[in-house]
Amino acid sequence: MRTVATLPPAQLAPLAHVYTAAVAAKRRWMIGGIGLLIALSLLSGWAGQVDLAKFWKGLPRFASYFYDILPRLRMETFFADLREWFWNLDGWLALLWDTLLIAYLGTLSGAVAGFLLCFLASANLTRSTSLRFAARRTLEFCRTVPEIVFALMFVYAFGFGPMPGVLAIAIHTTGALGKQFSEVVENVNMQPVEGLTAAGATYVETVRFGVVPQVVSNFVSYTLLRFEINVRGATVLGFVGAGGIGKELISTIRQFYYADVSAILVIIIGTVFLIDWLTEILRHKLLSLDGR
Amino acid sequence: MNSPVSPLRARADADRANLKRRYPASFRAPLLARLLPPVTVALATALAVYALWRFGFSPEKFIDGLGKLGIVVGLMIPPSPGNQLWNYVGALGETLSIAFLGTLGAAILALPVSMLAAKNVVANRIIHIASRRFLDTIRGVDTLIWALIWINVVGLGPFAGILAILTSDFGTFGKLFSEAIEAADKKPVDGVLSAGGSDLQGFRFGVLPQVLPVLLSQVLYYFESNTRSATIIGIVGAGGIGLYLANEIAQAEWPQVAFLILMILVTVSTIDWLSGKIRFAVIGTQGRTA
C-alpha cells in the first residue's frame, strides 16, 4: 500500500502556521467587508426612508397595477379588443418614429464630435499635455452630466420639441463615445503612424491613413451599441418635454389611462428588442468583415 | 550589396501585366466592398436630413436657442447654493443611498435568477428561455418608468427610487451574471463532481470562485452608473437631488443649478475613483467587464 509522503512535523508546523494565518487574515477581511456592507446598508436604509411596512402594504397595489394595465381581451371579440387596446397606434408609432430619429440624430452628431475629439484625447497622438487634458476633461463633463439634465436646460433655451432631445443625446454621446474611441486609438499599432510621420505626412494625413483604417470597425461597433442605449434614453427624454413618445407615456401614467400605458410599453419594448437585434446582426457582420 | 528591391519583387513587377490578366480579382477590390462606404455615408446623411426636416429644424431658431443658452450659462457664474446648502447635501445623501441599496438589492436578488438563466446550471431549455425573456422585458423598461410605477405603490420619496433602481438593475444583473456563469470553465466542476461532490457543491466550489470577482466588478461598475441615474430619478419625484435640480431649472435659479451640477460631477467622479480602487484591489485589473 502506498502512503502519501509528508514533511517531518518540524518542517510542517511553520508552514501550517503560515497557512492558518493567511486563512484567518482572509476571513478577517471578509467579515470586515460584510460588516461594512451591513453598516452602509442600514445607513442608506435610514437616509433612503426604507419602510418595509409600507412596502408590504403597497405590494398588492404593485400586483394590481400590472393587473389594471393589462388589456381586456376576450376570445369572442379578440380583434375588436385588440383594436381598442391599440386605438391610437398610428399616433404612437409616429411619436416612436420621432424618438428613433432623435436617438439617430443624437448618436450621429455625437459620434462625429467624439471622433474629432478622440484623437486629441489620445496620449499616443497628442503630445501636448494641456491640449490632451482639455480634451479629456471636456469629454468627462459631457458624459458625467446626465442627459436629462441637459435636456431640461435645452428645453428652457430651445423650447419644447425634439431639438433639445437631439442636442442632449448628442452631448452625452460625444462624451461617452469620445472616451471609448480614444481608448481604441491608444491601442493601435504605431508602426504605420511612425512610417507616415517619417515620410513627412501632416497630422491629418497621419490620422487618416495611419490610424483610421485600424480603428474604423471598432468605432462603428461602439456607435451601434451607443445607438441602442440612446434609443432607450430617448424614450424617457419626453418626460421633460424633449420630444418623442415619452411625453405621451408620462401623461398616460399620471392620468391612469391603464390600457394605454401597457399598449405604449408594449410598443416601446418591442422596438427596443428589434433595434437590439438589428444592431447585433450588423455588429456581427462588421466583425466578420474585420476578420477577413 | 543588397539591392533595395528584392529579386522576387523585381520579377513580379516585370510580369505585372501578365499577373493582372491571370488574377484580376487580386488587383481590384470587389464592387460591393468599394461601394459600401460611400453608399452608407450617403444613406446616413439622407436619413439625417430627413430627420432635421421632420423636426422643423431651422438655423435661425437654432442660433436663437444657442444665444439663449449662452445667456443661461453666463447667469450660472458664479455657482452658488443660495440658502439651500444643507437641503442639497441631504438630497445628495438620499441619492447615494438610492444608488447603494438599489444596486446591492438587485445584485442579491439577481444571483439566484441568473443561475436559472444560465445554460450550464439549469439545463432545461424552457426555464432558460423563459427566464431570459423575463429579464429582457424588465430591462426594456427604463428606470424612470419603474420609478413612476413604484411611486404608485410606496408613495413619493427615495424609497420608490431605491425600488426603481433595484427593479431595472435586477434585469441587467440577471443577464450579465448568467453570461458570466456560462463563460465559467467547466473543469473545476467536473473535478468536484468526480470527487463525489453534489451539484450544489460543484457550483459552490467549481463555479462561484471563478465568477465572483467578475460579478463584483460588474456590480461596482453599475454602482457608478446608478449614482448617475439616482441623480435624475428625483425629476419624477422618487427622491434625491434630481427633485431640486428640476425645481431650480423650472424657476430659472441658474447659479443654484450650476452648483447642483457641480455637486453631481464631484460625487460621480469620487464614486468612479473609489470603485476603480476597489475593483483593482479585488480583481487586480482596472478593466471594465460590462
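User: Where in chain A is A:Phe256 found?

Analyst: In this predicted model, A:Phe256 sits in the loop that runs between α10 (246-254) and α11 of chain A.

User: Why is A:Phe256 called exposed?

Analyst: Let's set the count against the cut-off. A residue is exposed if 12 or fewer other C-beta atoms lie within 10 Å of its own. A:Phe256 has 12 such atoms, so it counts as exposed.

User: What makes the backbone of A:Phe256 worth a look?

Analyst: Its phi is positive, about 60°, although A:Phe256 is not a glycine. Chain B offers another example: B:Ala252 has a positive phi of about 55° and is not a glycine either.

User: Where is B:Ala252 found, and how do you know whether it is buried or exposed?

Analyst: B:Ala252 belongs to the loop between α11 (241-250) and α12 (254-283) of chain B. It has 11 other C-beta atoms within 10 Å, so it is exposed, given that the cut-off is 12 or fewer.

User: What makes the peptide bond from B:Ile77 to B:Pro78 cis?

Analyst: The omega angle tells you: it is near 0° for this bond. As for its place, B:Pro78 lies in the loop between α4 (59-76) and α5 of chain B.

User: Why does B:Gly206 count as buried?

Analyst: Here the cut-off is 20 or more other C-beta atoms within 10 Å. B:Gly206 has 21 C-beta neighbours inside 10 Å, so it counts as buried. This glycine is part of helix α10 of chain B.

User: Which residues does B:Gly206 touch, leaving out those up to four places away in sequence?

Analyst: B:Gly206 touches B:Pro188, B:Val189, B:Gly191 and B:Val192. Those four are among the residues of α9(B) that meet α10(B). By contrast, B:Arg21 is 61 Å away from B:Gly206, C-alpha to C-alpha, with their places 185 residues apart in sequence.

User: Why are α9(B) and α10(B) called roughly antiparallel?

Analyst: Helix α9 (residues 187-194) and helix α10 (residues 199-232) of chain B pack at an angle of about 155°, and their axes are 8 Å apart. Angles over 145 degrees count as roughly antiparallel, and therefore this pair is given that name. The crossing is right-handed. On the α10(B) side, the residues that take part include B:Gln201, B:Phe205 and B:Gln210.

User: And what makes α5(B) oblique to α6(B)?

Analyst: Helix α5 (residues 85-117) and helix α6 (residues 125-140) of chain B meet at about 135°, with their axes 7 Å apart. An angle over 145 degrees would be roughly antiparallel, and 65 to 115 roughly perpendicular; about 135° fits neither, so α5(B) is oblique to α6(B). From α5(B), the contacts come from B:Val113, B:Leu116 and B:Ala117, while B:Ile127, B:His128, B:Ser131, B:Arg132 and B:Leu135 answer from α6(B).

User: How do you know how to describe α6(A) and α7(A)?

Analyst: The same reasoning works well. Their packing angle is about 140°, and the axes are 8 Å apart. That makes α6(A) oblique to α7(A), and the crossing is right-handed. Among the residues of α6(A) that take part are A:Phe150, A:Phe154 and A:Phe158, and α7(A) contributes A:Met163, A:Leu167 and A:His172, among others.

User: Which element gives the most to the side of chain A that touches chain B?

Analyst: The contact takes 41 residues from chain A and 46 from chain B. On the chain A side, the elements giving two or more residues include α1 (9-47), α6 (147-158) and α11 (258-290). With seven residues, α6(A) gives the most.

User: How many helices and strands does chain A have, and why is it described as more spread out than a compact globule?

Analyst: Chain A has eleven helices and zero strands. Its radius of gyration is 28 Å, well over the 19 Å that the globule rule gives for 292 residues, so it is more spread out than a compact globule. Its C-alpha atoms fill a box of roughly 85 × 70 × 45 Å along the principal axes.

User: How is chain A divided into domains?

Analyst: Domain 1 covers 9-39 and domain 2 covers 89-290. The C-alpha centres of the two lie 47 Å apart. Across chain A, 36% of the 292 residues count as buried.

Note on methods: Residues numbered from 1 in each chain as written. Chains lettered and ligands numbered in written order. Predicted model: local features only at pLDDT ≥ 70, side-chain atom pairs only at ≥ 80, totals over all residues. Rg over C-alpha atoms; globule rule 2.2 N^0.38 Å. Domains from an automatic or database assignment. Axes fitted to C-alpha atoms, helices over the stretch in contact; angles between N-to-C directions. Parallel < 35°, antiparallel > 145°, perpendicular 65-115°, else oblique. Left-handed = near helix turned anticlockwise from the far one by under 90°. Contact = placed C-beta atoms within 7 Å.
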